[in-house]
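User: I'm new to this structure and would like a close look at a single part of it. Could you start there and then show me what's around?

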Amino acid sequence: MTQIQGHEELRNSVHLGSALGVIPEGDHLLGESLEISSYELGKSHYQLGKIYYDKSDLGKAETHFIKALSFTEEPRDYYSKFKILGFLIRIASEQLDDHKAGLYIQDADNIVEKMSTALGTLNAEYFYNVGIVNNYKGDFDQARIQFELAHKKSREENEPELLSKCLLSLAVNCFNRREFEKSLAYLEQLGELLTIIKKNYLSGARFLFAAKVYNEMDDSKKALDFYRLANQTLQGKKCWNLYGYILLGKGVVFKRNGQYDQALTFFELAKESTDARVFKRLSQLIDSEIQDVNDSSVDIYLDRVNRKIKERTLGTIDFKHRFILLEILFLLAKNAGSYFDKEQLAKCIWKDEYNPLIHDKLIYTSVSRLRKLIEPKNDSGVKRKYIVRGKDGYTFNPMVKIRFQQETKPQTQGAIGNIELGSPV
């Protein structure tokens, strides 16, 4: 790019930055002449890239980040290059572009290697970046070691913003290891630090991640509370790129809680709010959840954990106070086509030896009640037969299509490089 072209691009960037309220009108970035350094040009494009990133225009964000990268110089801008590559990797991951993300990850890895020899002393930021690269590679053990070193040195160097990123990264690392209590402990430390340094995006990321942790711990109330806080905080920053993810997360909370109608409402809202051409990964996740809950080919959806089922015609049926009926349903459904006689039912359900005086009426009454709950009538008044009675006992109709909660869902692509859009750079 020629110097004059660079000036013209910067002038346009400054005008747009002023219109968006980020660069004040009359700013002396341009000065009284056209003597503008490559550093200033790169900084301008980087700032615009962040604006578009927050506003969900990932295409324009990528364009400006690439331009910002073109103005960097080594070794002066090692850390700046790493940050820009971090944004580009997140955008490529969201757009499901494995090849592009892989190239950016390799570039980030190369920069870390160069820094290890070019820098006189290895500071906290260096170890943090090494941890990020290890995370890209899926080496969570090494990532944790590097984040802990960065955490220690950032305290020694009095770098509170970097310290906050280390705490969030350690929380994510613990989450990947299913160490949920440790993850929450790091998030609690982060919350205390953010009362001092006031970084809204990190606060939003903290709330969003805490919601994910509580959802995995089946604490739906806290999960929803933190999703609400994440939404409020990010809206205050005018950051819209995570809005769809927040709606998706709320839907997952309701789904895990067996509230399928509410879950579908949030999934549909997330779908309506998302540009599928830009947010490819998010759109794939939303479609997968909708298909999982609302698959028209599934006759009955069974959720033992929350003691609820969803029947294709009847909707959601609560079994929280019908423990025996639920046990009968799951025993038969898990063994569709296999018959269970009265002796087997007495042993499996009531843990008793079969006694006709006790169990005959008990079994008949229980199965009848179960049928009334789950077997809908068609337009002709004929019931759909889920539970079939034969000479050998009772069985679940093997022609019925069943799905059990927590079964393998339709495959969706994970975050490329183990990095999601909302992970702070």
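What follows is a walk through the strands, and then through some helices and loops.
In what order do the strands of the open sheet come, and which are the edge strands?

Analyst: A quick word before the sheet: this is a predicted model, where local features need pLDDT of at least 70 and side-chain atom pairs count only at pLDDT 80 or more, while totals for chains, interfaces and linings use all residues. Numbering starts from 1 along each chain as its sequence is written, and side-chain values rest on heavy atoms, with hydrogens and water left out.

For the big picture, the protein has 17 helices and six strands. These elements are DSSP runs numbered from the N terminus: helices are H or I with at least four residues, strands are E with at least two.

Now your sheet. The order is S3-S2-S1-S6, and this open sheet of four strands has mixed pairing. Two strands are said to pair if DSSP finds at least two bridges between them. The edges are S3 (315–318) and S6 (402–404), each pairing on one side only. On average, neighbouring strands here are turned by 20 degrees against each other, direction ignored. As for what holds such an arrangement together, strands of a sheet pair through backbone hydrogen bonds, either parallel or antiparallel. In this sheet, S1 (residues 300–303) and S6 pair in the parallel sense, with three bridges, and isoleucine 300 faces isoleucine 402 of S6.

The sheet also has a helix on it: H13 (residues 260–272) touches S1, S2 (308–311) and S3, and its direction makes about 65 degrees with that of S2. Contact here means heavy atoms within 4.5 Å. Angles run from 0 to 180 degrees between N-to-C directions, and axes are lines fitted to C-alpha atoms, for helices over the stretch in contact.

The two other strands to look at are S4 (residues 387–390) and S5 (residues 393–396), which run antiparallel and are joined by four bridges. They form a hairpin with two residues between them, and valine 388 stands opposite threonine 395 of S5.

Next, helix packing. The axes of H12 (residues 243–256) and H14 (residues 280–294) come within 11 Å, crossing at roughly 25 degrees. That makes the two, H12 and H14, roughly parallel; the label goes to angles under 35 degrees, with over 145 being roughly antiparallel, 65 to 115 roughly perpendicular and the rest oblique. Their crossing is left-handed, that is, the near helix is turned anticlockwise from the far one by less than a right angle (clockwise would be right-handed). Among the residues making this contact are Leu248 and Val252 of H12, and Leu285 and Ile286 of H14. By class, the contact has seven nonpolar, one polar and four charged residues. Ala, Val, Leu, Ile, Met, Phe, Trp, Tyr, Cys and Pro count as nonpolar, Asp, Glu, Lys and Arg as charged, and the others, Gly among them, as polar.

H9 (residues 180–197) and H10 (residues 200–216) give another pair: their axes come within 10 Å and cross at roughly 155 degrees. That makes H9 roughly antiparallel to H10, and this crossing is left-handed as well. The residues that meet include Leu187 and Leu194 in H9, and Phe209 and Val213 in H10. This contact has 10 nonpolar, three polar and three charged residues.

What about the inside? Buried residues make up 50% of the 425 residues; buried means under 20% relative accessible area, exposed over 50% and partly exposed in between, using a 1.4 Å probe and protein chains only. Tyrosine 53, in H2, counts as buried at 1% relative accessibility. Beyond its neighbours within four places in sequence, tyrosine 53 has contacts including Phe65, Phe87, Ile91 and Leu421.

Finally, some backbone oddities. Most residues other than glycine have a negative phi, and most peptide bonds are trans. Serine 56, in the loop between H2 (38–54) and H3, has a positive phi near 80 degrees, and serine 56 is buried at 19% relative accessible area. Asparagine 158 has a positive phi near 55 degrees, but asparagine 158 is exposed at 62%. A cis peptide bond joins glutamate 74 and proline 75, with omega about 5 degrees; proline 75 lies in the loop between H3 (58–70) and H4 (78–94).
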